[in-house]
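Look at the sequence and the structure below. The paragraphs after them go from the whole chain to a small group of side chains.

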Amino acid sequence: MTFDEIKQIILLTQDAKEIGWDFKSDGKFLSVQDENYVQGDKVFQSQNEILEWLENQHDKSR
């Protein structure tokens, strides 16, 4: 993973946290919980699923 890829993931994660998502891990999967209780929790099972979701949250934060 390149520095730019790591930087992008960090920035996208900050955007998701700004609009009310909290990240959790059970050791097997990564999940997010909506701290605003507007949307249900989301469990990720692949890298592509996580990246697509983060990009969607970035769009919502703008």
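**From the whole chain to a ring cluster**

Buried residues account for 21% of the 62 residues in the protein. The model is a predicted one, and the values here are computed from its atoms.

Begin with the elements. The protein contains two helices and three strands. Following the sequence from start to end, the pattern is α-β-β-β-α.

Next comes the overall size. The C-alpha atoms fill a box of roughly 35 × 30 × 15 Å along the principal axes. For 62 residues, a compact globule would have a radius of gyration near 11 Å, and the protein agrees with this because its own value is 11 Å.

How much area does the protein expose? The figure is about 4,600 Å², of which carbon and sulfur atoms supply 50%. As for charge, there are 7 positive and 13 negative side chains. The centres of these two sets lie 2 Å apart.

Contacts show how the chain folds back on itself. Taking contacts between residues at least 6 apart in sequence, 29% join residues at least 24 apart.

Now turn to the aromatic rings. The protein has three aromatic pairs, counting rings whose centres lie within 6.5 Å. One of them is formed by Trp 21 and Trp 53, with ring centres 5.0 Å apart and planes at 85°. Why is this pair called edge-to-face? Planes over 60 degrees apart count as edge-to-face, and the planes of Trp 21 and Trp 53 stand at 85°, so the pair fits that class. The pair links distant parts of the chain, since Trp 21 is in strand E1 (residues 21-25) and Trp 53 is in helix H2 (residues 47-61), 32 residues apart.

Are these two residues buried or exposed? A residue under 20% relative accessible area counts as buried. Trp 21 has 3%, so Trp 21 is buried. Trp 53 has 10%, so Trp 53 is buried too.

Trp 53 also forms an edge-to-face pair with Phe 23, at 6.1 Å centre to centre and 85° between the planes. This pair, too, links distant parts of the chain: Phe 23 is in strand E1 and Trp 53 in helix H2, 30 residues apart. Phe 23 has a relative accessibility of 23%, and therefore counts as partly exposed.

Finally, put the rings together. Which residues do the ring pairs link into a cluster? They are Trp 21, Phe 23, Phe 44 and Trp 53.

Definitions and conventions: Residues numbered from 1 in each chain as written. Predicted model: local features only at pLDDT ≥ 70, side-chain atom pairs only at ≥ 80, totals over all residues. Heavy atoms only, no water. Helix = DSSP H or I, 4+ residues; strand = E, 2+ residues; numbered from the N terminus. Rg over C-alpha atoms; globule rule 2.2 N^0.38 Å. Buried < 20%, exposed > 50% of the residue type's maximum accessible area, 1.4 Å probe, protein only. Contact = heavy atoms within 4.5 Å. Areas by Shrake-Rupley, 256 points an atom, 1.4 Å probe, with all protein chains shown as cover. Lys, Arg positive; Asp, Glu negative; His and termini not counted. Charge placed at Lys NZ, Arg CZ, Asp CG, Glu CD. Phe/Tyr/Trp six-rings, centres within 6.5 Å; stacked < 30°, edge-to-face > 60°.
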